Amino acid sequence: MGILPGVLIRLGAGVGIFLYGLHLIGDSLEEATGPALEKNLRRFTDNPWKGALTGTVITALTQSSTAITVMTVSLVDKGIMTLEQAAGVVLGANVGTAGTGVMAALPIRSLAPLLLIGGALGVLVAGGLAKSPGSDRRSRKTVERREGRAEGIKLVGALAMGLGMLLLGMELMQEAMVPCRSLPWLTRLLGGLGHPVRGVLGGALFTAVIQSSSASVAILQSMAAEGMVGLRQSAYIVYGQNIGTCVTALWASARLSPAARSCARLHLVINLLGTAVFLAVDCLLPLTAWVGSWTPENPAMQIANMHLFFNLASTLLLLPFSGLLVRIAKISSLHFGKKVIS
């Protein structure tokens with residue numbers, strides 16, 4: 001047990017840097033797009049397929065399905081978006097967030113210092129351009145061009161820093177896992193997650209606690225890279241992680257309108273159904289082994305592929321039934337509301 005405090009400190013540092021990198025990427029892109037982000041969510045969601053594509057693209061850019069889902073819940077609460085439109089966006093957001101795991105599993109972690117240095121220099125240069133003296137004596141067009149150039153450099157620098165932090169956080173998390181191989185109790189605990197129900201519950205609980213499926217998947221990838229978990233265990237945990245990430249939207253909608261609460265429950269219904277389908281298929285077919293065969297020498301990429309395949313297949317399977325999913329979410333919301341009142 002003596003090594004546990006050091007492991008937790010290094011793991012916490014890795015998770016913190018990873019999460020800050022995610023936020024830096026998302027905040028920078030949101031600041032750059034401004035109101036266009038919400039406008040495009042409304043504009044390109046007039047049918048479920050377009051909504052799913054929009055949710056995928058925007059989530060892949062902002063690197064946060066939680067942020068996009070909570071934004072969607074807010075738009076439904078304001079009456080700007082219908083539940084039918086939200087269904088496609090939520091399904092697409094699940095696909096878009098899987099890109100983080102794929103990126104983290106690529107052999108590019110050695111680039112982290114270069115990205116951090118280059119990004120920091122870019123932000124500093126952008127700040128110098130914006131504050132350089134004599135701007136009031138120049139023509140308005142010249143000033144606007146320089147400000148636009150400064151904003152562009154700042155955005156690229158912030159994105160580079162965010163990506164560098166993602167890679168550095170992954171590296172720290174994996175290093176923190178190395179001593180854990182000598183902890184018998186942890187090995188037994190992880191071994192218990194090889195059962196489908198325990199694996200799903202463990203993944204859901206852990207993700208609900210840290211409030212980020214991306215960070216939860218990254219920690220799982222670090223464990224797999226050190227041989228602490230196998231792909232079959234990881235698959236069950238990944239299914240649970242998709243359920244655990246619904247907690248944030250459920251909390252955010254607790255005091256909003258019935259439509260907003262239905263939207264948050266729609267997210268939960270989608271991930272529960274996707275998990276149920278995959279668990280059933282996994283019992284009948286060698287699905288996990290098939291996905292693992294794509295990258296047999298890279299455990300972290302195997303988990304990233306499993307996460308991506310799960311979300312993509314679930315989306316394609318459930319999207320044609322988006323209307324039914326909305327009705328289920330509405331019914332569950334009404335039933336829950338009656339219980340709370342009584």
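In this predicted model, one aromatic cluster is formed by Tyr236, Tyr239, Phe278, Trp290, Trp294, Phe309 and Phe310. Across the whole structure, the search returns eight aromatic pairs. One of them joins Phe278 and Phe310: the ring centres lie 4.8 Å apart and the planes meet at 75°, so this pair is classed as edge-to-face. The two partners come from distant parts of the chain, since Phe278 belongs to helix α13 (residues 258–284) and Phe310 to helix α15, with their positions 32 residues apart. Phe278 is buried, at a relative accessible area of 6%, and Phe310 is likewise buried, at 1%.

Helix α15 (residues 299–318) also takes part in a surface feature, a nonpolar patch to which this helix gives the most, with three residues. The patch covers about 380 Å² and consists of Trp49, Leu308, Leu312 and Leu316. Trp49 is located in helix α3 (residues 48–62). Its relative accessibility of 49% makes Trp49 partly exposed, because the exposed class begins only over 50%.

Charged contacts are represented by one salt bridge in the structure. The side chains of Glu171 and Arg109 form this contact, with an N to O distance of 3.7 Å. It, too, links distant parts of the chain: Glu171 sits in helix α7 (residues 140–177), whereas Arg109 lies in the loop between α5 (83–105) and α6 (112–131), and the two are 62 residues apart. Arg109 is buried, as its relative accessible area of 18% is under the 20% limit. Glu171, at 30% relative accessibility, counts as partly exposed.

The cysteines remain to be described. A disulfide is a covalent bond between the sulfur atoms of two cysteines. The count of disulfides in this model is zero. Cys263 takes part in none, and the nearest cysteine sulfur, belonging to Cys246, is 11 Å away. This distance does not satisfy the criterion, because a disulfide requires the sulfur atoms to be within 2.5 Å. Cys263 is buried, with 0% relative accessibility, whereas Cys283 is exposed, with 65%.

The table collects the accessibility of the residues discussed.

| Residue | Relative accessibility | Class |
|---|---|---|
| Cys263 | 0% | buried |
| Phe310 | 1% | buried |
| Phe278 | 6% | buried |
| Arg109 | 18% | buried |
| Glu171 | 30% | partly exposed |
| Trp49 | 49% | partly exposed |
| Cys283 | 65% | exposed |

Key:
Residues are numbered from 1 along each chain as its sequence is written. This is a predicted model: local features need pLDDT of at least 70, side-chain atom pairs count only at pLDDT 80 or more; totals for chains, interfaces and linings use all residues. Side-chain values use heavy atoms; hydrogens and water are left out. Buried means under 20% relative accessible area, exposed over 50%, partly exposed in between (1.4 Å probe, protein chains only). Patches are made of residues with over 30% relative accessible area and no salt bridge: like charges are joined within 9 Å, nonpolar side chains (Val, Leu, Ile, Met, Phe, Trp, Tyr) within 5 Å. Accessible areas come from the Shrake-Rupley method with a 1.4 Å probe; for residues, only the protein chains shown count as cover. A salt bridge is a side-chain nitrogen of Lys or Arg within 4 Å of a carboxyl oxygen of Asp or Glu. Helices (H or I, at least four residues) and strands (E, at least two) are DSSP runs, numbered from the N terminus. Rings of Phe, Tyr and Trp (its six-membered ring) pair if their centres lie within 6.5 Å; planes under 30 degrees apart count as stacked, over 60 as edge-to-face and the rest as tilted.
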